[in-house]
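Here are my notes on this one, written as numbered points you can follow with the structure open beside you. Take them in order, and find each element on screen before moving on.

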Amino acid sequence: MSILLGLLTLVLLYIVIVQISKASDLIKTLRSGDKQEESFGNSAVFLSVIGFAILVYSIVTCFTYAHTLLPPSASEQGEWIQWLIDITLVLTAIVFVITQALLFWFVYKYHYRKDRKAYFFADNNKLEAAWTVVPAIVLTFLIGFGLQKWFKIYSPTPKDAVLIEATGKQFLWTIRYAGLDHALGNRDFTLVNGDNELGINWNDPASRDDFMADEIVLPVNKPVSVNIGALDVLHDFYLPEFRLMMDAVPGIPTHIWFRPIITTEQMRKITKNPKFDYVLACNKLCGSGHYNMQKKVRIVTQEEFNTWEKSQKSYYETVVKPAMDNGTYKQVEVAPLQSTTVAEMAKKK
Amino acid sequence: METTSVIDPIAQSGHGTEHAEHQHHHTETFISKYIFSLDHKTIGKQFLFLGMFWAVIGGLMSVIFRIQLGWPDETFPFMERLFAAWFTDGKLNPEAYYSLVTMHGTIMVFFVLTASLSGTFANVLIPLQIGARDMASPLMNAISFWLFFTAGVVMFSSIFLPTGAASAGWTIYPPLSALPQTSPGSGTGMTMWLIAMVIFIGSTLVGGLNYVSTVLNLRTRGMTMFRLPLTVWALFFTAIIGILSFPVLVSCCVLLLFDRGLGTSFYLSNIVIGGKALPYAGGSPILFQHLFWFLGHPEVYIVILPAMGMVSEVLAVQSRKPIFGYKAMIFSILGITILGFFVWAHHMYVTGMNPFIGSIFVLFTLLIAVPSAVKVFNWITTLWRGNIRVNPPTMFAVGFVSMFISGGLTGIWLGNATIDIQLHDTYFVVAHFHIVMGIAAFFGMYAGIYHWFPRMFGRMMNDTMGYIHFAITFIGAYLIFWPMHFLGLAGVPRRYYTFNEFAAFSQYANLNKVISITAIVVFLGQILFLINFIWSIFKGRKSPQNPWQANTLEWTSPIEGIHGNWHGEIPEVYRWPYDYSRDPNSDVDFIPQNVPLSEAEKKDYVHH
């Protein structure tokens, strides 16, 4: 009923607008006929008031929303990105304000008047050269700064990095730690079965001390190396507070490294939110559950991390080996396919 | 069916003395005149009407999913009564949400802003502005429209499938789009999406080849390339981009169909679903992205160039001034066209591709800002010291420039790969591309419709409704998309069905309500436009022959619209299209292109 009433109101509103508009155009036509007598003064004011109102709105909201944006970057890499954003923001904001203001100012200032003539101004090489060259120079600087940071972010991973592996599947992340030997066991998707969803090759000694974690725990100020993969469809390893993102692609391993610089405890103080937690999200559409594919991330001190790491149990020792012993788990004896790369195959021949 | 005058080479070149209407001896049936017409003006209108239908569908879809994003915790039983298949217990299903998002993007990008925008204005304007009796091949022109229509039928039917329409996003990245077991929408819905797109590309190619050959071959006497209005230049380059890039999307789609139906592994490798390895090896999902964006990025220029061309023309005519830097405008379109082919991988900075390759794309992507900046400065200078008639076409043209500035500048953020690592696929991107390509192209389209409505229908649109339409759309567009920059900078990802699952992303619940309400108001504002449009076709004030006192040839052709476009000979062209206010001592502030140079002018006429 209320919906019907709403629809009725809407139809009435349209009828009123149409009638007023018809009358208003009719009056205008009666006054001037087809001659261009109108001064367009009112509509010029209308357009520039709207334009300047939007300009003010867009500037004011930048300040009112500033406190809702991301807290200070939790990673060193994010700080470099933030630096580039700040520079780009200042430059684009200047251009934005000047061009929008000129646009809506000119529309008002030079609106049609019967007694005026437009100025025939078809081109001016100096002017055009200037506004080709100046943007080109400014952009060259932005390209330079940008690429410098870009290659810094993708610089080789430091040797002392904590090695973890994140694997996405619909709709959760599996996190594997390299354990004390700092090496992850080999994987092959043909080894996958119900007990071994990642397809880990248990014949690889490096796999024996790998452990799975319910949350990502990392020491502060130490580089972290993340091997990223996906089992089924594309996912994206997204750490908003760290300003980092990397796609997870089935069949093509990807990688990033970063250095966390603010612990969860510190960030709770900075954000004045005792419940604050870092989070890993998925940022590549992966199906109907895409919007809720998350994992908690905790950044702790080195001591806390060491204690936590020691308390974690090897997946092989706690799950795989007992199952093998009582015969419920079938071990694949030969490591097939995956360890044989094309290069190795060529070598064998 | 009357086609003789159209393909008659003598009449075509303008030398014919026989009057076009003398050949009108066949009786035209309703079907040959209005449905399977070969007249470019009618085909242009068909593109426009079908585009409007699609725009309403696409807009309605956005209203439905905005209701979900604005009120994720509430139930809407009346919506369930309307769209029973998409709702459960009064709430939109996630699968339906993703289908709606996918179809909204597909419809708006391809059906509205590619087919309808180019199709309408290339058809209406190219022959009339270059002085031709019709397109080079009227038949191909009609085929182009009917392929577009067929593609639409296939796409529209897919919405009613029990498994739902395609739901992998308008970019349909595999493996999600390749494997039906990963998403219901990747079943028959995706097959139909791919088939519809292949048919659609056929339409684009047939149309584009026709536009290019028409511009190159059928210009009237005196119409040199550098006397073409900027609309024609823009539509010309748009067609070239389409011809070069759309075929790549065909192969992209066909290979995906193979992976889906024939068990090939072009895009698939090492896939495990439900604890079982699938027999795909050696493919690359990234290959798909390269192929897709090789079209996908030029596609945004296919969308925006026609709008740019029309805005250039509208601003010059309505400010009674020549467009500033005519040649610079042409060369900047050329620059955008060429550079546009070397920037596609900026959509893929975070796919894990080699950082060195990424750096090349940063270079080209930011360089493309230079010709774009030149265009903006030239538009603003065109307004400077003009005598601007601030009517609805002007408002939408100015609105276009405003949107293009706002959205273009955020492109400088996202094009820089380093910043993209943070902002990729967040709401910042949603804000950027909606403003710079969606809204801006719509504004260009509206400027074009208000400006050339008298040319198409012989009547004027209602100005007052035009002002209201502009105010609602312009203010609404900023209120919807400007705050999305802040969502993006706060890390909120796009393509989320609800933000409630994440503490960090749920802080904007109120803002999302405001955005959704504004989206509904803007949608209702477009209905007002449709009312004005339809009402004016039948009841609008009769248009004089040249309502805007414009120079271009379309206003010399009888305003009621005749087959063959001109009685008798096609007018000859003597000057460029922008002789507005050339003579400060004259009472008349325009000199049409078909007016020969006066004796006084011959001495010192500078061709620009």
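1. Let's begin with a pair of helices in chain B. H17(B) and H18(B) cross in a left-handed way. Keep in mind throughout that this is a predicted model. H17(B) covers residues 463-489 and H18(B) covers residues 509-539. They pack with their axes 9 Å apart, at an angle of about 155°. Angles over 145 degrees count as roughly antiparallel, so H17(B) is roughly antiparallel to H18(B).

2. Which residues of H17(B) and H18(B) make the contact? On the H17(B) side you'll find, among them, Met465(B), Ile468(B), Ile472(B), Gly476(B) and Pro483(B). H18(B) brings in residues including Leu511(B), Ile515(B), Val522(B), Gly525(B) and Phe529(B). By class, this contact has 14 nonpolar and 7 polar residues, and no charged ones.

3. Now look at a second helix pair in chain B, H9(B) at residues 230-261 and H10(B) at residues 285-318. Their axes come within 8 Å and cross at roughly 160°. That makes H9(B) and H10(B) roughly antiparallel to each other, too. Their crossing is left-handed. The contact of H9(B) with H10(B) divides into 23 nonpolar residues, 7 polar and 1 charged.

4. Next, how do the two chains meet? Chain B puts 111 residues into the contact and chain A puts in 102. You've already met one of the contributors: H17(B) gives 13 residues, the largest share of the side of chain B that touches chain A. That side of chain B splits into 68 nonpolar, 30 polar and 13 charged residues.

5. Over to chain A. The domain assignment gives domain 1 as 38-113 + 125-155, and domain 2 as 162-330. Notice that domain 1 is written as two stretches. The C-alpha centres of these domains of chain A lie 40 Å apart. Where domain 1 and domain 2 touch, 10 residues come from domain 1 and 15 from domain 2. The domain 1 side has 5 nonpolar, 4 polar and 1 charged residues.

6. Chain A also has an open sheet of 5 strands, in the order S4-S10-S9-S6-S7, with mixed pairing. Which strands are at the edges? They are S4 (216-219) and S7 (244-248) of chain A, each pairing on one side only. On average, neighbouring strands of this sheet are turned by 25° against each other, direction ignored.

7. Stay with that sheet for a moment. S9 (residues 278-282) and S10 (residues 295-300) of chain A run antiparallel and are joined by 3 bridges. For a spot to click on, try Leu280(A), which stands opposite Lys295(A) in S10(A). Helix H6 of chain A (residues 302-311) packs on the sheet and touches S4 and S10 of chain A. The direction of H6 makes about 135° with that of S4(A).

8. Last stop: another open sheet in chain A, with 5 strands in the order S3-S2-S1-S5-S8 and mixed pairing. Its edge strands are S3 (211-213) and S8 (254-258) of chain A. Neighbouring strands here are turned by 30° against each other on average, ignoring direction. S2 (residues 172-177) of chain A pairs with S3(A) in the antiparallel sense over 3 bridges. Which residue of S3(A) is the bridge partner of Ile175(A)? It's Ala213(A).

Technical notes
Residues are numbered from 1 along each chain as its sequence is written. Chains are lettered from A and ligands numbered from 1 in the order in which they are written. This is a predicted model: local features need pLDDT of at least 70, side-chain atom pairs count only at pLDDT 80 or more; totals for chains, interfaces and linings use all residues. Two strands pair if DSSP finds at least two bridges between them. Helices (H or I, at least four residues) and strands (E, at least two) are DSSP runs, numbered from the N terminus. Axes are lines fitted to C-alpha atoms, for helices over the stretch in contact, and angles run from 0 to 180 degrees between N-to-C directions. Two residues are in contact if their C-beta atoms, placed from the backbone, lie within 7 Å. Angles under 35 degrees count as roughly parallel, over 145 as roughly antiparallel, 65 to 115 as roughly perpendicular and the rest as oblique. A crossing is left-handed if the near helix is turned anticlockwise from the far one by less than a right angle, and right-handed if clockwise. Ala, Val, Leu, Ile, Met, Phe, Trp, Tyr, Cys and Pro count as nonpolar, Asp, Glu, Lys and Arg as charged, and the others, Gly among them, as polar. Domain bounds come from an automatic or database domain assignment.
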